[in-house]
Amino acid sequence: MLHRRVGSILNLRKNAILSTVKELGNVGPLYSSASAMEALPRKLKRAEKKPWVTSVNELKRRARLEKQERRVVREVALRPPENGLLVEKLIPVAHQVLASRSQLLACASRISEEIPIFFCSFCAEVHVGHPPHKIRTCNVSGSRKNKEHTWQRGGVDHVLPVVESFHLYDRLGRAVSHNERLEVDRIPALVELCIQAGVDLPEYPTRRRKFPIYRVAGKLIDFEKRFPKDDLSGKTIETFKSSGDENDLNLPYDDIKGFATRGVESWEIMRTGAIQLMQTYGVQTCGYCPELQVGPKGHRVRQCQAFKHQMRDGQHDWQQATIDDLLSTVYVWHVRNPHAGDLLVDSLKRYYGKLPAAVELFSQAGAQIGDDYYPMMREDVVVPGLDEEKLVV
């Protein structure tokens with residue numbers, strides 16, 4: 001009899017808890033029991049390697065299949081862009097990405113005149129808005145003992161850093177050697193990706209094949225000459241209008257919110273298009289340093305100074321790159337109310353969210369941020385006051 005009473009009491013308690021949880025769930029995300037904070041790429045230690053985009057087992061499986069194909073002497077027909085031809089449907093995407101990059105730089109340059117950008121002179125931490133935060137995360141050689149940052153005024157280069165890559169005349173040719181490192185131009189990696197995807201720029205000529213190449217017994221066979229006489233890659237260049245000037249945006253100079261809205265749109269178009277291009281055109285990065293090379297393989301320049309570079313004779317440890325490697329995305333602490341001048345303190349850092357620096361810059365200028373960034377911003381978490389910190393469970 002006693003067991004039945006205890007069981008009924010437990011059932012009533014369980015039902016009461018479930019009804020309370022349902023009521024709290026209908027109130028909104030303010031009372032959520034757990035934060036939906038999106039996992040951001042953490043800062044790697046010196047001896048750590050970047051995570052693989054494709055698993056090691058899958059890479060080994062592909063290597064075994066390629067080894068078996070090389071043993072058989074037969075002709076293998078390749079698909080674009082592996083055969084040297086362009087992917088027709090991605091040519092407009094490449095033009096759109098390059099145009100969005102120019103608009104993004106123009107919008108960020110205009111807004112940086114109104115909203116200050118700070119960077120740490122020791123660890124290169126970036127903060128958007130005034131005043132800069134007091135979160136003690138500066139843990140490098142030469143920094144302060146209390147790990148506070150030493151702030152200096154920065155610019156657009158700290159919000160949108162430029163990652164360079166060697167420009168390849170022939171993306172399927174041999175890799176750049178160490179002796180050629182000073183003879184080959186280095187340009188922004190995103191521009192190089194757009195060039196290889198179909199954008200023709202007069203200052204950076206590239207080879208456009210008319211006939212595909214083939215693979216015979218693991219070797220690439222090119223039936224065209226190295227420099228054919230009827231090579232029209234430099235004669236059929238499409239005129240590309242750069243929109244890097246503020247006047248090309250057709251916005252008033254004092255319309256800060258308009259620049260911010262256009263900047264967010266350009267950021268999304270550029271990032272989405274770059275991801276689409278990277279799925280077809282390979283981009284390689286070093287597993288230990290930020291070096292990048294657009295193309296199916298990395299270069300052979302011995303300039304890596306990262307972890308255990310002596311064992312590699314200074315050569316890079318190439319692996320597949322991600323969009324954050326290509327754009328060198330900088331994540332900064334998100335300021336919810338930039339007009340209030342609230343200071344971000346170290347004791348409450350677990351309640352703050354983060355955003356890409358460019359998105360945070362446009363957000364503080366009045367642009368509407370997409371729903372994809374809400375988990376990063378941690379809008380479902382109420383930041384307590386300094387006197388309420390000890391009361392938070």
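This report walks through the chain, two of its strand groups and its two largest pockets.

## The chain at a glance

The model is predicted. The chain has 393 residues, and 41% of them count as buried. It holds 9 helices and 13 strands.

Many contacts reach far along the sequence. Take the contacts between residues at least 6 apart in sequence: 71% of these join residues at least 24 apart.

## Strand E2 and its partners

Strand E2 covers residues 117-120. Both of its faces are covered. Ile117 and Phe119 lie on one side, Phe118 and Cys120 on the other, and all four are buried. In a regular strand, side chains alternate between the two faces of the sheet.

E2 pairs with strand E3, residues 126-128. The two run antiparallel and are joined by 3 bridges. Ile117 stands opposite Val128 of E3. E2 and E3 make a hairpin, with 5 residues between the strands. In the turn, Ala124 has a positive phi of about 65°.

E2 also pairs with strand E4, residues 151-153. This pairing is antiparallel too, again over 3 bridges. Here Phe118 has Arg153 of E4 as its bridge partner.

## The sheet E10-E9-E11

Strands of a sheet pair through backbone hydrogen bonds, either parallel or antiparallel. In this open sheet of 3 strands, the order is E10-E9-E11 and the pairing is antiparallel. Strand E10 (292-294) and strand E11 (318-320) are the edge strands, each pairing on one side only. On average, neighbouring strands are turned by 30° against each other, direction ignored.

Helix H5, residues 189-196, packs on this sheet. H5 touches E9 and E10, and its direction makes about 15° with that of E10. Strand E9 spans residues 283-286 and pairs with E10 over 3 bridges, in the antiparallel sense. Within that pair, Val283 stands opposite Val294 of E10.

## The largest pocket

Rolling a probe the size of a water molecule over the atoms shows where empty space is left. The largest pocket contains about 1900 Å³ of space. Its lining has 48 residues. Nearest the centre lie Pro41, Arg42, Lys43, Leu44 and Thr329.

Which elements each supply at least two residues of this lining? They are E11, helix H7 (323-327) and strand E12 (331-333). By class, the lining divides into 22 nonpolar, 11 polar and 15 charged residues.

## The second largest pocket

About 1300 Å³ of space lies in the second largest pocket. Its lining counts 34 residues. Arg62, Glu66, Glu82, Gln284 and Pro296 are the ones nearest its centre.

Several elements give two or more residues to this lining: helix H2 (56-71), strand E1 (75-77), helix H6 (256-278), E9 and E11. H2 gives the most, with 5 residues. The lining has 18 nonpolar, 8 polar and 8 charged residues.

## Where sheet and pockets meet

Edge strand E11 supplies at least two residues to the lining of the largest pocket. E11 also gives two or more residues to the lining of the second largest pocket. Strand E9 is another contributor to the second largest pocket. In the sheet, E9 stands between E10 and E11.

Conventions: Residues numbered from 1 in each chain as written. Predicted model: local features only at pLDDT ≥ 70, side-chain atom pairs only at ≥ 80, totals over all residues. Heavy atoms only, no water. Pairing = 2+ DSSP bridges. Axes fitted to C-alpha atoms, helices over the stretch in contact; angles between N-to-C directions. Contact = heavy atoms within 4.5 Å. 1 Å grid on protein atoms, 1.4 Å probe; cavity = no way out; pocket = protein on both sides within 12 Å on 5 of 7 lines; lining within 4 Å. Points joined across faces, edges and corners; volume = space filled by probe spheres on them. Nonpolar A, V, L, I, M, F, W, Y, C, P; charged D, E, K, R; others polar. Buried < 20%, exposed > 50% of the residue type's maximum accessible area, 1.4 Å probe, protein only.
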